[in-house]
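This report introduces a structure to a reader who has not met it before, and it starts with the way the copies are arranged before turning to the strands.

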There are 4 protein chains.
Amino acid sequence: MTYQPVMDAATLRQYVAEVFPQAGSRWSVSALGPGTVSVTMAVSDRSLRPGGTISGPTMFFLADVTAYVLILAHIGKVELAVTTSLNINFLSRPPLGDLIAHGRLIKLGKRLAVCEIHLHGQADDTMVAQATATYSLPPGDRAAGQ
Amino acid sequence: MTYQPVMDAATLRQYVAEVFPQAGSRWSVSALGPGTVSVTMAVSDRSLRPGGTISGPTMFFLADVTAYVLILAHIGKVELAVTTSLNINFLSRPPLGDLIAHGRLIKLGKRLAVCEIHLHGQADDTMVAQATATYSLPPGDRAAGQ
Amino acid sequence: MTYQPVMDAATLRQYVAEVFPQAGSRWSVSALGPGTVSVTMAVSDRSLRPGGTISGPTMFFLADVTAYVLILAHIGKVELAVTTSLNINFLSRPPLGDLIAHGRLIKLGKRLAVCEIHLHGQADDTMVAQATATYSLPPGDRAAGQ
Amino acid sequence: MTYQPVMDAATLRQYVAEVFPQAGSRWSVSALGPGTVSVTMAVSDRSLRPGGTISGPTMFFLADVTAYVLILAHIGKVELAVTTSLNINFLSRPPLGDLIAHGRLIKLGKRLAVCEIHLHGQADDTMVAQATATYSLPPGDRAAGQ
């Protein structure tokens, strides 16, 4: 089953700017497709651990916000969607530089959405972290199955 | 990074037949590629819950064995690899009929391997479950990084 | 917050006997308390891997059924509760002999229940596996919060 | 099995002050016992989401640092321990005010440590989040089993 976004990338970016006014300089939507989204994050000094690598909470944040934006793009402006669980595997030490997260919607039900997120360093093809996030969706009259 | 198998599909099937003599009639390797494997499972009556759907432990088993076979194909006959954790999301009610699992190696380090597994009904394109499995690898003299 | 069961242990056992007629000889409820339950499983030959230890799917099954029984005891006969995710960590090689699972309800909301399950060998105090299970609850008119 | 710390709480606090110089005003070790530790975090404005609740990354950070400190207290100054995976369940909306995390070591092996962490609001007994974290331990000559 392929999920279709209910808005285009420009509308999604505009909505992100309203909901996350502080996002502007930190992260942005770089691509939107059927059931998928990519988010790029500029890594600031504050995100770095001693040794110059990117901290775990920073990667958690990127995975979580990617899932949020992905769901938003596919169900519309549902501000009450909340993370119920997130499982993250740290695979390799992230290189210095920006991170890119590729999110994929693997379930969009009436009550739950499940997303798979892959984090890569932009300068490098290696996957640095993998996450699965579950969001609880507010009751509504969407037509989506299950 | 793309991982390369250290054996071909025929050798993998032969080894599976030795290690899991009881597998023969229940599941088999249907494809092997760089960093990927597919395993098909014949669903027996014993795997069914009341109502005719496939039980959770059956899907857990298929995810776990797919990860095992995937690692085996990429590091050779390492019989001591053991599952350290498995996270599984049940996405939709599986249809009656065979299940196919697509496994992907997302990290192959010196001590740990991490795999992502997607389970589909064969008659249907819907993903029925998604899992992430971590295996602990025995110490050895493989050349693999990290 | 402490959750209270809505039935006593005898009623729970009777209901388990109705819903899982095949359980009888394999597993049984050994204790029920506020927000907690214990389930004991007789390990059969079929559950053993070569080498005599208990297989992963067997431990998955025990964790999952413990969560199911725990929820059942606290919300009543709700046959439609389904597992949405289960995360299991295998900690040490289980000894031969029976397994006991201690389940604890850490959230009972209107739509989701989350349980923590600890598996021990009965002959030994070592924890052999730890799991967290999330169940989706059917819509209903229970009074439970959130 | 009960694990014993290899240092007392005062030594642990002193070491935390050296390794995390920025921790001082944000979080501190409030208790240390056999296989357990408690960490309290002062919630700053920066940790709050619109609406006044504590953000997911803040809770992730607290769970992760609690696991790190717990392992540190039980194996000594091993600066190379790294998180390999973290699974977190968000159970209820955290109240305003400080958070307290109770960590428990459920496995301390030669190569991996697994911790269970429960997060509570200090003003309230409700569990707001539950996490399981796995750390990879550097090779060494510790006497610990498995």
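## How the copies are related

In this predicted model, a turn of 180° with a shift of 0.0 Å along the axis lays chain B on chain A, and the RMSD of that fit is 0.0 Å. This is why the two chains can be described by a two-fold axis. Within chain B, the C-alpha nearest that axis belongs to B:N87, and it lies 4.0 Å away.

Chain B can also be laid on chain D, again by a turn of 180° and a shift of 0.0 Å along the axis, with an RMSD of 0.0 Å. Here the same surface serves both copies, since 100% of the contact residues of chain B recur in chain D.

## How chains A and B meet

Of the interface residues of chain B, 100% are also interface residues in chain A, and therefore these copies meet through the same surface.

## A sheet built from two chains

Chains A and D contribute to an open sheet of 12 strands, in which the pairing is antiparallel and the order runs β1(A)-β2(A)-β4(A)-β5(A)-β6(A)-β3(A)-β3(D)-β6(D)-β5(D)-β4(D)-β2(D)-β1(D). Its edge strands are β1 (27-33) of chain A and β1 (27-33) of chain D, each of which pairs on one side only. From one strand to the next, the twist averages 20°.

Within chain D, strand β5 (residues 112-121) and strand β6 (residues 127-136) pair in the antiparallel sense over nine bridges. D:V114 stands opposite D:T134, which belongs to β6(D).

How values were computed:
Residues are numbered from 1 along each chain as its sequence is written. Chains are lettered from A and ligands numbered from 1 in the order in which they are written. This is a predicted model: local features need pLDDT of at least 70, side-chain atom pairs count only at pLDDT 80 or more; totals for chains, interfaces and linings use all residues. Copies are superposed by least squares on the C-alpha atoms of residues with pLDDT of at least 70 in both. Two residues are in contact if their C-beta atoms, placed from the backbone, lie within 7 Å. Two strands pair if DSSP finds at least two bridges between them. Helices (H or I, at least four residues) and strands (E, at least two) are DSSP runs, numbered from the N terminus. Axes are lines fitted to C-alpha atoms, for helices over the stretch in contact, and angles run from 0 to 180 degrees between N-to-C directions.
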